[in-house]
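Visitor: I would like a close look at one part of this protein. Please take me through it step by step.

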Amino acid sequence: MAKNVVVHNDNGGEVIHPFTDPPRLASSYSDKIRPILDAVDNLCRLKVTEEGIPLLTIVVVGDQSSGKSSVLESLAEISLPSGQGICTRVLLVMRLQHHLDPEPKFKKVEIGDEGQICDAIDQATVEIAGDRKGISNVPLTLIMKKKGVPDLTMVDLPGITRVPVHDQPDDIYEQIADMVMEAIDFQIKAEESIILNVLSTAVDFPTCESIRIPHRTAVVTKCVQSPDDLEKVTANDDNIGLGYICVRNQINDETYEEAREREAMLFDTHHLLSKIDNSMVGVPVLATRLVEIQSVIISKCLPGIVKKINERLDASLNKLPRKLANVPDATVAFMQMVGSLKETLQNILIRGEFDEYEDDKQMHCNARLVEMLDEFSKELDSSVKFSENFLADEIGVIEEGNGIRLPYFLPHSTFLFMLKKRVEGIAELPVNFINNVWGYLETVCIKVFVDRCRNYPQLLPSMKKADHNAMAKTKAKFVERVFEMIEMEKVTDYTCDPNFNGSLKKLMSSYDAFVNAIKGLKACSLSSSGVYVEGYGVIDVKHLVNVAEKAREQTFDLKMRMTAYWEIVLRKMVDWIALQLRFVIRQMVNTEMQTEIVNAVIVNDGGIDKMMTEPASMAKKREKLRKSIGLLQESKEVMGQVIDGISIVTD
């Protein structure tokens, strides 16, 4: 009676081995458990994991030379690669499948000697991980279909080792630890997980790297070496989640039947090992226990699997675009796409919502625009550079502004001249800010356009053109208004801000100290020429000793008035630009964008006809989605039959 083994890797390569020795590990499945396992087998056949739906996998972990591969050999009753150092250098996925068909059919080439299984695994391992001692997380799958084997899927990971030997890389521990924890983290996050931890009784469990991994059951090997240490198994001092099972692996040239007979005899007759309860010893018990745990977990997870299938099915159906056959259908689809695009832009640019792009902070537009405004405000504050000599600029302006008039009258034109000079000094900053904002907004809008045109890529060039036109027109209006604002600030000075007088009073409070410092220098009674002036810190007044007292008073007053007013100008400028920005974005999204889309897509480019001409890439996508939908619908039917036909075991 032919039995088969299949070895293959992710590239699809397989080798199949037939042999005839009947294994003795099959459980007598109940009517309730068997349909559940059959359903999972069907889901595996349908490859639902490719649709993001997890199925139960048993991950086998353990320190190097703990006996992991030997345990798998005992369960599958085949030989796996063995030797010194790391025997498992890749993710070895072993799928054991109970198969009733006495003559299963395969399309691949059969090999005639069971010993070639090891050679096939070794050859595939070298192809994946190289011919030295390196490791790889690329999976290698061993599929066994035999009558009587337990229905289990197990992943064998490289044994954890701290010290590199032979040709192993110096960082072998870090490589293996990363691989193990990546696999473990994935499994632990899923409800559909069993962690099978293989421990040798010859070592202290707390010192094993693998003992730290949670959510596990443990297999204890090499029991004969330290039988008196097995009290730690019955006591469960290390709190193994699903308990221990002790096994005796096959030794030397024993057949699998001989190994099981000697295992049973060992745990029945040994003066210490016989004290362990029969429910905790033997490979058959391990096989039955794993199937039972698997069955219970799968039973509990059935509703969740069905839910995930439904969610994936809904998502696939939503992604599948309709094939448009006539102009009315294309027009409706186009208007729906434009409406969806407008709604998304309103959400992220006007309402400040970002549910659709929760994990993409670049698309959280309100937060990013506020950051840019704050940076713009700081740049304005630090933009104006003044003469290092305090009051030098003001003195020069007053001297050049002298005319035929009563002395010491400060003309208003002098203040306006100083104001105009300051405004011109920062005139480029608002325009630079707009350029930066528009560069960001273009990135956001293009992403939204690409997302909304995913089902109609033939329209994307026209849509991008419409986006560019709408943004260019809106930006031009905004820049024109900013230039007007800058010109207005040059023309006149005015504020009704009540903070102006208070700020000016505070700045003028330093005047007496300023005057006294100059008088002290004149009288040579002061050794220092520095004095603290509000808003400017400590300034040097030595250069002002020979300036007329009235001129010093005028220039100090002029400077402080300009300082108080300039604070208001900058705040007013930032506030005005912020309000204008919100206003022009609203206009662009609500009006300009839709108008430009209609002009670019329908009027100029014949977009409705283009929507009915589907590109080859979209046809392939449609076919792929149809296959995915068919697979998910079939999976849904499989799970529905199981749920309708059995009472789910929940523990």
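Are Tyr 511 and Phe 514 buried or exposed?

Guide: A word of caution comes before the tour: this is a predicted model. Now to your two residues. Tyr 511 and Phe 514 are both buried. They share a helix, α15, and sit three residues apart in it. That spacing is about one turn of the helix.

Look at the two rings next. The ring centres of Tyr 511 and Phe 514 are 6.2 Å apart. Their planes meet at 40°. Edge-to-face needs over 60 degrees and stacked needs under 30. The Tyr 511 and Phe 514 pair therefore counts as tilted.

These two rings have company. Ring pairs tie Tyr 511 and Phe 514 into a cluster with Phe 390, Tyr 536 and Phe 556. The count of aromatic pairs comes to nine.

Take another pair, Phe 390 with Phe 556. Its ring centres are also 6.2 Å apart, but the planes stand at 70°, so this pair is edge-to-face. The pair joins distant parts of the chain. Phe 390 is in the loop between α9 (365-381) and α10 (392-400). Phe 556 belongs to helix α16. The two are 166 residues apart.

Are they hidden too? Buried means under 20% relative accessible area. Phe 390 has 5%, so Phe 390 is buried. Phe 556 has 0%, so Phe 556 is buried as well.

Pause at Leu 391. Leu 391 lies in the loop between α9 and α10. Its phi is near 75°, a positive value in a residue other than glycine. Its relative accessibility is 1%, so Leu 391 counts as buried.

Back to α15, and how it meets α16. Helix α15 covers residues 511-522, and helix α16 covers residues 549-604. Their axes are 11 Å apart, and the packing angle is about 145°. The crossing is right-handed. On the α15 side, Tyr 511, Phe 514, Ile 518 and Lys 522 make the contact. On the α16 side, the contact uses Arg 552, Glu 553 and Phe 556. Sorted by class, four of these residues are nonpolar and three are charged, with no polar ones.

Now widen the view. The largest nonpolar core holds 94 residues. Phe 514 and Ile 597 have the most contacts inside this core. Helix α16 gives the most to the core, with 22 residues.

Follow Ile 597 for a moment. Beyond its neighbours within four places in sequence, Ile 597 touches several residues, including Phe 334, Val 338, Leu 341 and Phe 449. Met 463, Ala 466 and Ile 602 are also among the contacts of Ile 597.

Two of those names come up again in another helix pair. Leu 341 of α8 and Phe 449 of α12 are both part of the contact between these helices. Helix α8 spans residues 327-351, and helix α12 spans residues 428-452. Their axes come within 10 Å and cross at roughly 145°. This crossing, too, is right-handed. By class, the contact of α8 with α12 has 10 nonpolar residues, two polar and one charged.

One last stop. A second core, separate from the one above, has 41 residues. Among them are Ile 58, Val 90, Leu 142 and Ile 245.

Methods. Residues are numbered from 1 along each chain as its sequence is written. This is a predicted model: local features need pLDDT of at least 70, side-chain atom pairs count only at pLDDT 80 or more; totals for chains, interfaces and linings use all residues. Side-chain values use heavy atoms; hydrogens and water are left out. Axes are lines fitted to C-alpha atoms, for helices over the stretch in contact, and angles run from 0 to 180 degrees between N-to-C directions. Helices (H or I, at least four residues) and strands (E, at least two) are DSSP runs, numbered from the N terminus. A crossing is left-handed if the near helix is turned anticlockwise from the far one by less than a right angle, and right-handed if clockwise. Contact means heavy atoms within 4.5 Å. Ala, Val, Leu, Ile, Met, Phe, Trp, Tyr, Cys and Pro count as nonpolar, Asp, Glu, Lys and Arg as charged, and the others, Gly among them, as polar. A nonpolar core is a set of buried Ala, Val, Leu, Ile, Met, Phe, Trp, Tyr and Cys residues joined through side-chain atoms within 4.5 Å. Buried means under 20% relative accessible area, exposed over 50%, partly exposed in between (1.4 Å probe, protein chains only). Rings of Phe, Tyr and Trp (its six-membered ring) pair if their centres lie within 6.5 Å; planes under 30 degrees apart count as stacked, over 60 as edge-to-face and the rest as tilted.
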